[in-house]
Amino acid sequence: MKDKQKLFDLQMADKQLEQLKEHLERLDRQLSEVAAMRKSLEEFKELEGQEELMVPITNGVFAKAQLKSKDKVHVNVGEGVIVDKTIDQAITLITTQLNQMANYREQVLDQFNSWIQKAEGLAKELQVQEG
């Protein structure tokens with residue numbers, strides 16, 4: 001009976017590991033996207049202020065636009081609320097988000113590693129009992 005419980009626990013650990021792995025992959029994609037946002041803002045900051053830009057209208061559709069000012073950008077802060085920020089404020093905001101996401105990723109990675117150790121321990125116990 002003990003073997004069945006350990007086997008069940010090992011299967012549950014495997015499922016948990018798979019879920020955590022998928023979560024880590026999603027976090028990695030999100031981190032890449034936010035890092036790209038920050039890079040775009042840093043590049044935008046270097047513009048002179050009168051350049052012609054390609055502005056996204058929808059996914060894959062762009063329009064040419066003339067940049068009148070680069071003093072402020074409009075930032076969606078959630079819940080459909082858009083606020084004006086300076087470029088530096090927007091970069092700081094995104095950097096803060098990036099740091100928070102990286103810290104959260106580390107927490108999830110710690111959980112993943114903990115589950116690996118648990119699964120390895122269960123697998124060893126089952127092997128010893130079989131042998």
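## The largest pocket

The largest pocket has a volume of about 280 Å³. The structure is a predicted model. The residues lining this pocket are Met37, Leu41, Phe44, Val73, His74, Val75, Asn76, Ala90, Leu93, Ile94 and Gln97. Three elements each give two or more residues to this lining: helix H1 (2–45), strand E3 (72–78) and helix H2 (87–130).

By class, eight of the lining residues of the largest pocket are nonpolar and three are polar, with no charged residue.

## The second largest pocket

The second largest pocket has a volume of about 180 Å³. Its lining consists of Met37, Ser40, Leu41, Glu43 and Phe44. Met37, Leu41 and Phe44 also appear in the lining of the largest pocket.

Three of the residues lining the second largest pocket are nonpolar, one is polar and one is charged.

## Helix H2

How far apart are the end C-alpha atoms of H2? They lie 63 Å apart. At 1.5 Å a residue, the 44 residues of this helix should span 64 Å, so the expected and computed values agree.

The buried residues of H2 are Ile87, Ala90, Ile91, Ile94, Leu98, Met101, Arg105, Val108, Phe112, Ala119, Leu122 and Leu126. Among them, Ala90 and Ile94 also line the largest pocket. Which elements are included in what covers the buried residues of H2? The cover includes H1, E3 and strand E4 (81–86). H1 and E3 also give residues to the lining of the largest pocket.

Conventions: Residues are numbered from 1 along each chain as its sequence is written. This is a predicted model: local features need pLDDT of at least 70, side-chain atom pairs count only at pLDDT 80 or more; totals for chains, interfaces and linings use all residues. Side-chain values use heavy atoms; hydrogens and water are left out. On a 1 Å grid over the protein atoms alone, a cavity is a set of points where a 1.4 Å probe fits but cannot get out, and a pocket is an open set with protein on both sides within 12 Å along at least five of seven lines; lining residues have an atom within 4 Å of a point. Grid points are joined across faces, edges and corners, and a volume is the space filled by probe spheres set on the points. Helices (H or I, at least four residues) and strands (E, at least two) are DSSP runs, numbered from the N terminus. Ala, Val, Leu, Ile, Met, Phe, Trp, Tyr, Cys and Pro count as nonpolar, Asp, Glu, Lys and Arg as charged, and the others, Gly among them, as polar. The expected span of a helix is 1.5 Å times one less than its number of residues. Buried means under 20% relative accessible area, exposed over 50%, partly exposed in between (1.4 Å probe, protein chains only). Contact means heavy atoms within 4.5 Å.
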